[in-house]
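Have the model open in a viewer with residue numbers switched on. The tour goes from one selection to the next and says what is there.

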Amino acid sequence: MNYFQLFELPLSFEVDKKNLTTKYYKLSKKFHPDNFSQAVDAEQQAALKQSSIVNEGYRILKNKQARIRHILELCGISFEEGKEQMPQEFLMDMMDINEAIMDYKLEPSAEGKEKIETQINDFERALESEAQGAMSGLDLSVAEPDAALLSAVKNYYLKSKYLKRLLDNIEDRGVEM
């Protein structure tokens, strides 16, 4: 399912959120199950399914990370999070941050937490800057976008997900390392 087509939006890493929300409300109204309460069962089921697709599409397109993953999948890039090979240098940096998080959890302090969050945010900004070139350089309107640029976007996506898990781990939001 191409959610960009569903919402009649151009395939892009950036979306006009106001336009997305407007189209979401129009589609939600069109397919709302209450509008089909007098319809035959098959039409009710189809409306319910379409309403679910609209909700899922909106959730994905409004979230940057989910939108990036969706674009990668539309471009034929498949992967399993947590099972992908990550660069050794990145893993070493993450190991250092994980050790700092363990130290912080043993001896919590505002300074320690702030230092770790700053380190992660700095790392994330550097990743974002690096990935911006790949994302802006990708022509998503062609049948086969540049494989190297898609790979760079995929790496950004995976690394940023890892960083999000680290931030969640600091806050103990149900994440185990």
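## A tyrosine cluster

Select Y24, Y25 and Y58, which together form one aromatic cluster. Keep in mind throughout that this is a predicted model. Show the rings of Y24 and Y25 as sticks: the two make a tilted aromatic pair, with centres 5.5 Å apart and 55° between the planes. The description takes this form because a pair of aromatic rings is described by the distance of the centres and the angle of the planes. A search of the whole structure gives five aromatic pairs.

Now colour Y24 and Y25 by accessibility. Which of the two is buried and which is exposed? Y24 counts as buried because its relative accessibility is 15%, under the 20% limit. Y25 has a relative accessible area of 55%, so Y25 is exposed, the limit here being over 50%.

## Along helix 2 and back to the loop before it

Stay in helix 2 and select K26. K26 counts as exposed, at 60% relative accessibility. Add F7 and draw a distance between the C-alpha atoms: F7 and K26 are 19 residues apart along the chain, and these atoms are separated by 9.7 Å.

Next, select E8, in the loop between helix 1 and helix 2. Its phi is near 55°, which is a positive value in a residue other than glycine. E8 counts as exposed because its relative accessibility is 64%. Add K23 to the selection: E8 and K23 form a salt bridge in which the closest N and O atoms are 4.0 Å apart. This pair links distant parts of the chain, the loop residue E8 and K23 in helix 2, with their positions 15 residues apart.

## The nonpolar core

Turn to the largest nonpolar core, which has 45 residues. Start with F7, F13, I68, I120, V153 and L166, the members that touch the most others. Then colour the helices that feed this core. Helix 1 (3-6), helix 2 (17-31), helix 3 (41-62), helix 4 (64-74), helix 5 (88-106), helix 6 (110-137) and helix 7 (147-170) each supply at least two of its residues. Helix 7 gives the most, with ten.

Centre the view on F13. Which residues is F13 in contact with, leaving aside its neighbours within four places in sequence? They are R67, I68, I71, M135, L138, L140 and V153.

## Two more salt bridges

Side chains of opposite charge can pair when their charged atoms come close. The count of salt bridges in this model is nine, and two more of them are worth a stop.

Select E128 and K64. Their salt bridge has its closest N and O atoms 2.2 Å apart. The pair links distant parts of the chain, E128 in helix 6 and K64 in helix 4, which are 64 residues apart. Both partners fall between the buried and exposed limits of 20% and 50%. E128 therefore counts as partly exposed, at 25% relative accessibility, and K64 is partly exposed at 24%.

Then select E84 and K154, whose side chains meet in a salt bridge at 3.0 Å, N to O. Here too distant parts of the chain are linked: E84 is in the loop between helix 4 and helix 5, K154 is in helix 7, and 70 residues separate them in sequence. E84 is partly exposed, with a relative accessible area of 25%, whereas K154 counts as buried because its relative accessibility is 16%.

## The loop between helix 4 and helix 5

Remain in this loop and select G82. G82 is exposed, with a relative accessible area of 73%. Draw a line from G82 to L48: the two are 34 residues apart in sequence and 33 Å apart in space, C-alpha to C-alpha.

## The largest pocket

For the last stop, show the surface. How much volume does the largest pocket have? The value is about 250 Å³. To see its lining, select N63, Q65, A66, E124, E128, Y156, S160, K161, K164 and R165. E128, seen earlier in a salt bridge with K64, is one of these lining residues. Helix 4, helix 6 and helix 7 each supply at least two residues of the lining, and the largest share, five residues, comes from helix 7.

How values were computed. Residues are numbered from 1 along each chain as its sequence is written. This is a predicted model: local features need pLDDT of at least 70, side-chain atom pairs count only at pLDDT 80 or more; totals for chains, interfaces and linings use all residues. Side-chain values use heavy atoms; hydrogens and water are left out. A nonpolar core is a set of buried Ala, Val, Leu, Ile, Met, Phe, Trp, Tyr and Cys residues joined through side-chain atoms within 4.5 Å. Buried means under 20% relative accessible area, exposed over 50%, partly exposed in between (1.4 Å probe, protein chains only). Helices (H or I, at least four residues) and strands (E, at least two) are DSSP runs, numbered from the N terminus. Contact means heavy atoms within 4.5 Å. Rings of Phe, Tyr and Trp (its six-membered ring) pair if their centres lie within 6.5 Å; planes under 30 degrees apart count as stacked, over 60 as edge-to-face and the rest as tilted. On a 1 Å grid over the protein atoms alone, a cavity is a set of points where a 1.4 Å probe fits but cannot get out, and a pocket is an open set with protein on both sides within 12 Å along at least five of seven lines; lining residues have an atom within 4 Å of a point. Grid points are joined across faces, edges and corners, and a volume is the space filled by probe spheres set on the points.
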